[in-house]
Amino acid sequence: MSENNHRKCAKCGRTRAEDMTVTYHRFPNPGTTNITRAHIWAKYCWPNEDWTSVELLRSLYTKNKVLCGRHFNSTQFYDNERQKLSKFAVPESTVMEELLNEKENIFHQNVEQSSEATAQPKLRVPLLEIENIVVEPCTSAMSSTQTLVDVPRTTGFIDSVQNAPITENLNVATCSKSNLVKKRTKILANLGVTKVSQMTPREINLYKICKNKMHEIIRLRNKIKNIKRRKIERVLGNQHVEELCNLNISNSFITLLQSQLQNCPKKPKGRRYTLQQKIQALLIYKKSPACYRLLKRMFALPCQTSLNQLLNKVPLKPGINKHIFTSLEKMSRNHDKEDNICILSFDEMSIRRHLYYNQKLDEIQGFQDHGNHGRTEDVASKALVFMLTGLRKKWKQPIAFYFSHTIKADRMTIILKEEIVSILDPPHLLKCTRNLLIKHDIEVTSDFQCNEKPVKGTVKWSHIEAFYQLDKTNPNLVYAPQLTDNHLHPNCQQKMRVKLAAQVFSHSVTTGMLMKIAQNELPAEAHVTATFVQKFDELFDAVNADSPDLRRGKKYSTNLNKKTPHLALFRNMREFISNMKYIGSKSNPPSQEGWIHTLNAIERLWKNLQAIGIKSLPTRRLNQDPLENCFGCIRYSCGSNNSPTINQFIAGIKTAIISNLKHSGHKKNCEDDTAIISNNLSNFLTPNISPIVKSPTLQFDDTKEMENLLFDAVEAVEQGTSESQACGYVCGFIFKKLRHSNCQDCRKAFLSDTQEIIHRFTNFKEYDPAQNSLNYVGKDMVTCVEMMANIINKYLKANAYRIEVKINIFSALECVDFSFLKKCIHHLVLNENHLKVSTFFIITKRYCVLRNRDMDDEEKKKTLERKMRILKNK
């Protein structure tokens, strides 16, 4: 099914550009089994033409002729979304009966013109419609060459076949049991006998028992299928639902309606949701949790736990995902070799520096993570995403992502392994050229033609500003209606918008400036600026083309091929850009070299593609629009958060992938790329089995260091420092969370009979000091917890970025003295484990909170300094 927006329906001429809900279905390839269906499709679209030739029918298939889904009944689709069409489907029309009456002549003519003249056409009756045909007993006289013919999966068509005359060359196989039901296991064949009489009496009894049990299994299986089918039919069989499905409404609304009809009558714990319904609910929840909670009060929607469990099934971790490459390998086998040619694009997305302990993965997320290449202690501030994009066929797939602070050249070399042709993103280069023109005038040192006249001089941004001021004085209509103050005086965020830069370097601005020059409203030297704008407009059209024919009459907006003038333009622009001089700049800016490198790379890539038989190159598929749209989907799934944390980024990219990268938000920085994601959710539902890399455990080789930690803990408790006071109160909280806190032996081990110096803060925390409602623990417990806290802090300061944090810390805590817990032998192991777990989570959370506070303060300081610099420059 094609996703090309410009492809038209052969019957009604509808396009996806007019209606995004339109689905396309390609004409069938006429063969020995579906000549009739191909003829019906062709006759439906062009009833006055002769379609008896197999070559003519095959030409419709090779030319990628399509019919939209509006010409097919809803029963002819495999799914409720009307996406996957049945292989027996034919368009609904009154001419079908006439075609059926002529099918005898059609079969004979097709067989004579087919290269396989000896093959008989087949008639295959769909199983779901078999009850509509009068079944006659099968005869052994049916020849092996009398095979089946494809029949459309519609009731009306089968009824017509039932009444149609059957000749000696056309036979309908009806009651062959092996063609209608699955082959059952032959018990006798497995035993090595052919008759029941060949078995012993005991074997006969066992055979009868086994046969009855098999019948019972088959009966129960059919019963389960019927129960599920009746539940679905109860919802989908509703007449009003069928009428709504036939209307021009979105699939999302149909999914929501089916969910409400199915689950509203049930209790909350008895509600069940399909995968598509959960994905739809997940999109709403990730966009706005508050909105989802409000909608959950109005409608029957999955709970938050179900949505989180759905995300946890998606095995996405930093690094290359093996599941995605397995899916791509399967997909490539069904495609032509040319359709498998793809572009590898990568870019960074800003994320917020934030540390978070993931209990499921047993690691602190937020550090620099390069997947199989290891983690470092630097806190990540960027997310590097790699994506494959089809060059010939429109598909895309994120394949890997990494978290980093800064990516150096050596690290990028390790990640990429091999580089063939590197191309910089043309939209980013266009933005850089516009931003440099705002700061510096450009001296054109080489002559170039404009309206058959050589031009040489200085390009100035003031000329474009003067044109805008003159143009907006017109009361009604203007030359460049797209220009605004944001184009001429962009702020920091607007300077990153590709749309604003492309509208400045446009044909409308060029012609408007030339008209003002002709009217003597602009100086003659502005002719150089107008020509500069024209040249970069043509260059951007040439490197951003995705159309096989002329678009709006612009000759460079077509795909690159042998006949187009793209290569000549690239040669001229390379010479022109290399001779540009930015007045006031000490050196050539990187974007100047970037344009030259990109044009050389496109020419090199075009030569390589020509060598393997590629006749055209859509240059737009070389840019990063699919990747930018992917970033938009991730931000959309994070509640439109421009700087998500690492755990928010992982949840966002999971949501974006399982929703097929459909929602990129309104504030996106590029056009829709119209490419579809190649992988679906079913590939991600299997657990990700990857080798576990053991990280080194913290070792205390020096016994003196261990003694120092113990001495510090004992001294703090004896002196009653603020640290020990807070630790005493926390220890009381840990004891309160003990499940068996009522055990008298455990109370003797943990609690103190008298209040000591370490209990002052706990006493102040009492609402009523006379009641002593809080827990006053003994010195042994406070010393133990204080020492564990020192060990955990020491490990986190040096090794927090490593994996298996909890396992390594528990190994290091083996040196701690827990002898005071022996007062309760029955709960000894439970109490020790409870102390370790509670202290670990408290100290780890405290470590992350303190680090996050420091990083937030640094960000606020940098933001304030940046604002001060902007104010000083103004």
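In the predicted model, Asn520 lies in the loop that runs between helix H20 (507-518) and helix H21 (526-542). The phi angle of Asn520 is near 60 degrees, a positive value in a residue other than glycine. Asn520 has a relative accessibility of 70% and counts as exposed. A positive phi near 60 degrees is also found at Asn64, which sits in the loop between helix H2 (54-62) and strand E2 (66-68). With a relative accessibility of 30%, Asn64 counts as partly exposed.

The chain as a whole contains 32 helices and 16 strands. Of its 874 residues, 43% are buried. The surface exposed by the chain comes to about 49300 Å², and 51% of this area is supplied by carbon and sulfur atoms. Contacts between residues at least 6 apart in sequence were also examined; 70% of them join residues at least 24 apart.

Helix H17 spans residues 461-471. Its buried residues are Trp461, His463, Ile464, Phe467, Tyr468 and Asp471. Viewed down the axis of H17, these buried residues fall within an arc of 160 degrees, so they line one face of the helix.

A nonpolar patch is present on the surface, formed by Leu294, Met298 and Phe299. The area of this patch is about 290 Å². Met298 belongs to helix H12, which covers residues 289-298. The relative accessibility of Met298 is 54%, and the residue counts as exposed.

Salt bridges were considered next. Side chains of opposite charge can pair when their charged atoms come close. The structure holds 17 salt bridges, among them one between the side chains of Asp546 and Lys394, with an N to O distance of 3.6 Å. This pair links distant parts of the chain, 152 residues apart. Asp546 is in the loop between H21 and helix H22 (566-578), while Lys394 is in the loop between strand E11 (382-390) and strand E12 (395-404). Both residues are partly exposed, Asp546 with a relative accessible area of 22% and Lys394 with 24%.

Asp546 also forms a salt bridge with Arg621, where the closest N and O atoms are 3.5 Å apart. Arg621 lies in the loop between helix H23 (590-611) and helix H24 (625-637), and Asp546 in the loop between H21 and H22, so the pair ties together parts that are 75 residues apart in sequence. Arg621 counts as buried, at 15% relative accessibility.

A further salt bridge joins Glu814 and Lys836, with the closest N and O atoms 3.5 Å apart. Glu814 is located in the loop between H31 and H32, and Lys836 in helix H32. The two residues are 22 apart in sequence, and the pair is another that links distant parts of the chain. Glu814 is exposed, with a relative accessible area of 56%, whereas Lys836 is buried, with 7%. Elsewhere, Arg353, Glu858 and Glu859 are linked in a network of salt bridges.

The loop between helix H31 (805-812) and helix H32 (828-873) also contains His827. His827 is buried, with a relative accessible area of 14%. When residues up to four places away in sequence are not counted, His827 touches His740, Cys743 and Cys746.

The cysteines were searched for disulfides. A disulfide is a covalent bond between the sulfur atoms of two cysteines. The search of the whole structure finds 0 of them. In the case of Cys784, the closest cysteine sulfur is that of Cys731, at 8.3 Å, which is too far for a bond; the cut-off applied is 2.5 Å. Cys784 is buried, with a relative accessible area of 3%. Cys492, by contrast, counts as exposed, at 56% relative accessibility.

Conventions: Residues are numbered from 1 along each chain as its sequence is written. This is a predicted model: local features need pLDDT of at least 70, side-chain atom pairs count only at pLDDT 80 or more; totals for chains, interfaces and linings use all residues. Side-chain values use heavy atoms; hydrogens and water are left out. Buried means under 20% relative accessible area, exposed over 50%, partly exposed in between (1.4 Å probe, protein chains only). Helices (H or I, at least four residues) and strands (E, at least two) are DSSP runs, numbered from the N terminus. The arc is that of the directions from the helix axis to the C-beta atoms. Patches are made of residues with over 30% relative accessible area and no salt bridge: like charges are joined within 9 Å, nonpolar side chains (Val, Leu, Ile, Met, Phe, Trp, Tyr) within 5 Å. Accessible areas come from the Shrake-Rupley method with a 1.4 Å probe; for residues, only the protein chains shown count as cover. A salt bridge is a side-chain nitrogen of Lys or Arg within 4 Å of a carboxyl oxygen of Asp or Glu. Contact means heavy atoms within 4.5 Å.
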